[in-house]
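Please load the model in your viewer and keep the selection tool at hand. The stops below run from the whole chain to the ligand, and then on to single strands and loops.

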Amino acid sequence: MADRVLVTTDDLEHAVRINAQLEGAAYVTAMVTSFDDAREALSGREPDCLVVTGALHEPATARLLAAARDRSVSTLGLVEATEPDPKDLAAEIGLTAYLEKPADPAEVVRMVRRLIDRRRLQQRTGIIGESPAIQEVLVKIEQMAPVTSTVLIEGESGTGKELVAHAIHDLSPRRERPFIAVNCAALPETLLESELFGHEKGSFTGAAERRLGRFELADGGTILLDEVGEIPGSTQVKLLRVLEDRSFFRVGGTQPIQVDVRVLASTNRPLKDAVALGEFRDDLYYRLNVLNIYLPPLRQRKMDIPVLVRRFIAEFARMHDRQFHGITPEALQIIVDAEWPGNVRQLRNLVESMVVLAPQGEIRASDIPEDIRDRGRALPVRVLGASREIAGKELEFIFRSLVELKLQVEELRRRLDDRPAPHRVEVIEVDPHGAPLAAALAPVEEAVLYRPGMSMADVERAAIEAALNDTHGNRRKAAEVLGIGERTLYRKIKQYAIV
Ligand SMILES: Nc1ncnc2c1ncn2[C@@H]1O[C@H](COP(=O)(O)OP(=O)(O)OP(=O)(O)O)[C@@H](O)[C@H]1O
Ligand SMILES: [Mg+2]
């Protein structure tokens, strides 16, 4: 069926030319003259793309774009040349893409084609997101799917690594063959080897029958080595051999087994760090890292949050058979502002619980659990009054600077206290927006664990103990709070012998 494109007539001259060009490129088009017209067209057979030719500041356009978004229809807006910041405007009203006027109709058609292709890919893979990072991931998936090279997928827990691995398999020529995921962190060494490579009858106590390993079961298809960084040293050597010549021995076996398997590997801690620490072989790292996909944490691509929330609401409302209207702007803002250490998984789980529990048939601010509401507020970045998104390294830098600043202030206080000073300094203003330093430091104060003389390991240990204390020993929650995987937490608890 031909792709269908709606064109609004807000700018009639552009609309007519674009419409003709689209028809020439074999699209089925419809020109919509009013908001109601457009809304009706959207509720019929779903269009694949909506081109908005003008009136971008009108409230009716904002409503139309929201309706398009809710149906996952991509939108392309034509922005006036006089618009001071077209990128900001596009982000504000939620356009998928924009072009500046005067827009060349051929360029519009090219852009429409790209948007429709991308939408298809997102529908096929289930990977949602408008951020440049996710768009780049989608492009990489398309490029990497047809080949057999190994792909290393990196990203924090819950960022979508398994989803990406599935997508690569589903778009590859191997899609009719098995996709097998092995969690390398879940099993002790001997069991992991037998899981991966299989075993011969009687090869160890309990091996009553010959058993095929995951590599053999995945023959012709794809294997995902999940949490590959946790593979013990001796198994790493065996894996290296499989990657080099696609052959291995079953545990207790003497005949090499040859397989045709595409290997994907994922890890939620940077594998390079594990190599630097001597925990992971560098030759294996290079074998795995032929191609690489990195999924940034959700807090670094906040623009994906609204579309994820809307999609999850629709999905769970359907699944739980609930009449659900959506989410209030205030509630959505709180969700966008929160930290999401558990990334998309945490967001998805929360939306599900709210869809089930929200009494009003829509998510309101009061339906959001307190810890999520507070997490956004507890960020030192917000206390400083920064409105732009500050993430990752920058955030860490600010945090460290605040810690240092706090130590200096403490030192200063100590010195002042030691002096028989006639005047005491109460508040020092540092923030241009007028927030006193003491207030700026307040949320950090509770969290700061550093004392002079502590090593990084001491700080880490203290942070883990504090988190476990806070969560009453619930390791899953503690891991979530700390923004690390549960298995990483287990490893560290063992490493630091925390009881
Ligand atoms: N971009 C996305 N669009 C839609 N759903 C997503 C996206 N990213 C993640 N999800 C969903 O979030 C959940 C977690 O994703 P996934 O299991 O792929 O994460 P992961 O990176 O493998 O996590 P872990 O390291 O803990 O194994 C899944 O339900 C997945 O469908
Ligand atoms: Mg996973």
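**The whole chain**

Begin with the full chain in a cartoon view, where the secondary structure comes to 22 helices and 16 strands, both taken as DSSP runs (H or I over at least four residues for helices, E over at least two for strands) and numbered from the N terminus. This is a predicted model, in which local features need pLDDT of at least 70 and side-chain atom pairs count only at pLDDT 80 or more, while totals for chains, interfaces and linings use all residues. Residues are numbered from 1 along each chain as its sequence is written, chains are lettered from A and ligands numbered from 1 in the order in which they are written, and side-chain values use heavy atoms, with hydrogens and water left out.

Colour next by accessibility: of the 499 residues in the chain, 47% are buried, where buried means under 20% relative accessible area, exposed over 50%, and partly exposed in between (1.4 Å probe, protein chains only). The chain has an accessible surface of about 25900 Å², and carbon and sulfur atoms hold 51% of that surface; the areas come from the Shrake-Rupley method with a 1.4 Å probe, and for residues only the protein chains shown count as cover.

**Ligand 1**

Now select ligand 1 with the 17 residues around it, of which I128, S157, G158, K161 and R345 come nearest; a residue is near if one of its heavy atoms lies within 4 Å. This shell divides into six nonpolar, six polar and five charged residues, with Ala, Val, Leu, Ile, Met, Phe, Trp, Tyr, Cys and Pro counted as nonpolar, Asp, Glu, Lys and Arg as charged, and the others, Gly among them, as polar. Helix 7 (161-170), helix 13 (305-319) and helix 15 (343-357) each supply at least two residues of the shell.

Which atoms make polar contacts with ligand 1, that is, pairs of N or O atoms within 3.5 Å? Among them, a backbone N or O atom of I128 lies 2.9 Å from a nitrogen atom of ligand 1, a polar backbone atom of T159 is 3.3 Å from an oxygen atom of ligand 1, and an N or O atom in the side chain of R348 is 3.4 Å from an oxygen atom of ligand 1. The protein covers 85% of the 640 Å² of accessible area that ligand 1 has on its own.

**Beyond helix 7**

Follow the chain into the loop between helix 7 and strand 7 (179-183), where S172 is found. S172 counts as buried because its relative accessible area is 1%, and a polar atom of its side chain lies 2.8 Å from the backbone oxygen of H169.

**Strand 10**

Select residues 222-226, which form strand 10, and note that five of its five residues are buried. T222, L224 and D226 lie on one side, with I223 and L225 on the other. Strand 10 pairs in the parallel sense with strand 7 over five bridges, and with strand 13 (residues 262-267) over four bridges, a pairing being at least two DSSP bridges between two strands. To inspect single bridges, pick N183 with its partner D226, then L225 with its partner A265.

**Backbone stops**

Finish with the loops. The peptide bond from K101 to P102 is cis, with omega near -5°, and P102 is found between strand 5 (97-100) and helix 5 (105-125). H472, in the loop between helix 20 (456-470) and helix 21 (475-482), has a positive phi of about 55° although it is not a glycine. H472 counts as exposed because its relative accessibility is 76%.

Definitions and conventions: A polar contact is a pair of N or O atoms within 3.5 Å; within protein, one must be able to donate a hydrogen and the other to accept it, and residues adjacent in sequence count only if both atoms are side-chain atoms.
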